[in-house]
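Student: I'd like a close look at one part of this model rather than a tour of the whole thing. Could you pick a residue, start from its burial and work outwards?

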Amino acid sequence: MSLRFPEHAEALYQALKPDPYFAALESWVAAGSAREAMLAYYDFSMQEADTFGRLYVPEGTEFGVSVWLTPLSAERSSAKASAREAFLRERFGAQVLDRYQQIMVNMTANAEGLVPEDAWYLSIVGVLPEFQNQGLGASLIRPVLEQSDRAGLATYLETFTPRNMTFYERLGYQEAGTFSEPVSDASYSLMVRPAAPHPA
């Protein structure tokens, strides 16, 4: 398996292993290939953000990364969806693809009316466990928030880990709703951050 971002894929894998959503995704893969599949998933997500959104990797570091998606034209949105579907079908199989698509339908419906259409989406963020609780997580997010603030745009995220909500609140996010996600049998909070005033 050849990864474009192997060190950062490993960082996300270690950081997010306890997350209920990613744990469910990993549990749906055959045990012998689950880790490899998840590393490929994180690597694909980083490549996707690099092409269709924002990928923030602090220069010269491997402790973590933030993965963002931004609104796209209909043509680019279709291209992104097709590439993700093909990846999931090949790497995870049709059954997992079907579960993933059900989750996306549920979460998209829950976000309707709560998230501005032009908002940027913080899809994934993670810091290696040994580097956590040092303020590094915020350093992965703030530079992109500065960009969204300059553009006058809101950002949003979903977290399946309640203890992370205080961290996001310190960055200006507010809970917009809490929902049950039946496919992964987990609950999550949708959090939205309005654009902050930015000096000219």
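Tutor: Sure, let's start with Y188. This is a predicted model, and in it Y188 has a relative accessibility of 2%, so it counts as buried, the cut-off being under 20%. Its ring partner is F160: the two form a tilted aromatic pair, 5.2 Å centre to centre with 35° between the planes. F160 sits in the loop between β4 and α7 (165-170), while Y188 belongs to strand β6 (residues 186-193), so this pair ties together parts that are 28 residues apart in sequence. F160 is buried as well, because its relative accessibility is 8%.

Now zoom out a bit. F160 and Y188 belong to a cluster linked by ring pairs, whose other members are Y21, F22, Y41, Y42, F44, F87, F92 and F179. In total, the structure holds 13 aromatic pairs. One of them is Y121 with Y156, which is stacked, at 4.8 Å centre to centre and 25° between the planes. That pair also links distant parts of the chain, with Y121 in strand β3 (residues 120-127) and Y156 in strand β4 (residues 155-159), 35 residues apart. Both Y121 and Y156 are buried.

From the cluster, follow F87 into helix α4. F87 is one of the buried residues of α4, along with K80, R84 and L88. These cover an arc of only 95° around the axis, which puts them on the same side of α4. On the other side of the helix, A74, E75 and E90 are exposed. As for the helix itself, α4 (residues 74-91) has 18 residues and reaches 26 Å from first C-alpha to last, close to the 26 Å expected. Just after α4, G93 takes a positive phi of about 95°.

What does the buried side of α4 pack against? Its buried residues pack against α3 (34-52), β2 (64-69) and α5 (94-111). β2 is worth a stop: six of its six residues are buried, so the strand is largely enclosed by the rest of the structure. In a regular strand the side chains alternate between the two faces of the sheet. Here both faces are covered, with G64, S66 and W68 buried on one side and V65, V67 and L69 buried on the other.

β2 also has strand partners. Four bridges join it to β1 (residues 53-56), and the two run antiparallel; G53 stands opposite L69 there. With β3, β2 pairs over six bridges, again antiparallel, and W68 stands opposite L122. That brings us back to β3, the strand that holds Y121.

Note on methods:
Residues are numbered from 1 along each chain as its sequence is written. This is a predicted model: local features need pLDDT of at least 70, side-chain atom pairs count only at pLDDT 80 or more; totals for chains, interfaces and linings use all residues. Side-chain values use heavy atoms; hydrogens and water are left out. The expected span of a helix is 1.5 Å times one less than its number of residues. Buried means under 20% relative accessible area, exposed over 50%, partly exposed in between (1.4 Å probe, protein chains only). The arc is that of the directions from the helix axis to the C-beta atoms. Contact means heavy atoms within 4.5 Å. Rings of Phe, Tyr and Trp (its six-membered ring) pair if their centres lie within 6.5 Å; planes under 30 degrees apart count as stacked, over 60 as edge-to-face and the rest as tilted. Two strands pair if DSSP finds at least two bridges between them.
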